[in-house]
Amino acid sequence: MSAALRLLPEIIANFLAPYLVYQALHGAYGETEALIASALPPLLWSLYELAKTRRLDAISLVVVASIAFTLAATALGGSPRLIQIREALVTGAVGLIFLVSLSLEKPLVFYLARAASARHTARGAAQFETIWNRRAVRRTFKVLTAVWGSGLVLQTLLLCGLAWVWPIGRYLLFAPVIAYGLFGLLLLWSLWYGGKSHALAALCWPGAVGPGPMP
């Protein structure tokens, strides 16, 4: 099975299905109920991925958190626009946490990268603690955290602005494309920037770098 076919169910669940569910229901049940129902396909997909891999990834955590936000907003009588931007608000909160973590000795990206490395090798966490002593590595993690935090906050501001001026149906159709696109750009930039640190690249992608001086 090609990569495109393997991605097709995820694309349908996260991109197309929410729009189709909203379009099918909002005329009969109203905007609020239709928006709540439109959150079900991504939620069901996240639960399926959790059952299959037994691990929540970052995107699944955002989806689950956004569903919790939807339920809270509904219980408090939240407007359709508030429910509409639930995922953007959760993403913005994550971005703010990234930025706040810059005040700590070790920023959030360091802990995320260390946890990811520890899943692949028993010595991953210890190796990350060792390379933290290098000034260039500390600077790399600080910059990565600052860019991710700023990027996620800017993404939230952009999507909230679009939610204000776009019809709900158009927002549901195009907002995931914008969000995933910006997330992809941040990820590609991180791979490029992190790869400039020989020590970090050798630890995160063993075999991908050759011998050379460690910063």
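Hi everyone, here is a short tour of one protein model, from its overall make-up down to a patch on one helix.

Please keep in mind that this is a predicted model. The protein has 215 residues, and its secondary structure comes to 11 helices and zero strands. So if you read the elements from the N terminus on, you just get α-α-α-α-α-α-α-α-α-α-α.

Now for some totals. Of those 215 residues, 37% count as buried. The accessible surface adds up to about 12,100 Å², and carbon and sulfur atoms hold 70% of that. On contacts, take pairs of residues at least 6 apart in sequence: 63% of these contacts join residues at least 24 apart.

Let's zoom in on helix α6, which covers residues 86-100. How far do its 15 residues reach? From first C-alpha to last, α6 spans 21 Å, close to the 21 Å expected at 1.5 Å a residue. Its buried residues are R86, A88, V90, T91, G92, G95 and F98, so you can pick those out on the screen.

Finally, let's go back to helix α1, residues 3-29, where L20 sits. Is L20 buried or exposed? Neither label fits: L20 has 46% relative accessibility, and because exposed needs over 50% and buried under 20%, L20 counts as partly exposed. L20 also has company, since L8, I12, L16 and L20 form a nonpolar patch on the surface. Together these four have about 330 Å² of accessible area. As a reminder, an α-helix has 3.6 residues a turn, so residues three or four places apart point the same way.

That's my tour, thanks for listening!

Definitions and conventions: Residues are numbered from 1 along each chain as its sequence is written. This is a predicted model: local features need pLDDT of at least 70, side-chain atom pairs count only at pLDDT 80 or more; totals for chains, interfaces and linings use all residues. Side-chain values use heavy atoms; hydrogens and water are left out. Patches are made of residues with over 30% relative accessible area and no salt bridge: like charges are joined within 9 Å, nonpolar side chains (Val, Leu, Ile, Met, Phe, Trp, Tyr) within 5 Å. Accessible areas come from the Shrake-Rupley method with a 1.4 Å probe; for residues, only the protein chains shown count as cover. A salt bridge is a side-chain nitrogen of Lys or Arg within 4 Å of a carboxyl oxygen of Asp or Glu. Helices (H or I, at least four residues) and strands (E, at least two) are DSSP runs, numbered from the N terminus. Buried means under 20% relative accessible area, exposed over 50%, partly exposed in between (1.4 Å probe, protein chains only). Contact means heavy atoms within 4.5 Å. The expected span of a helix is 1.5 Å times one less than its number of residues.
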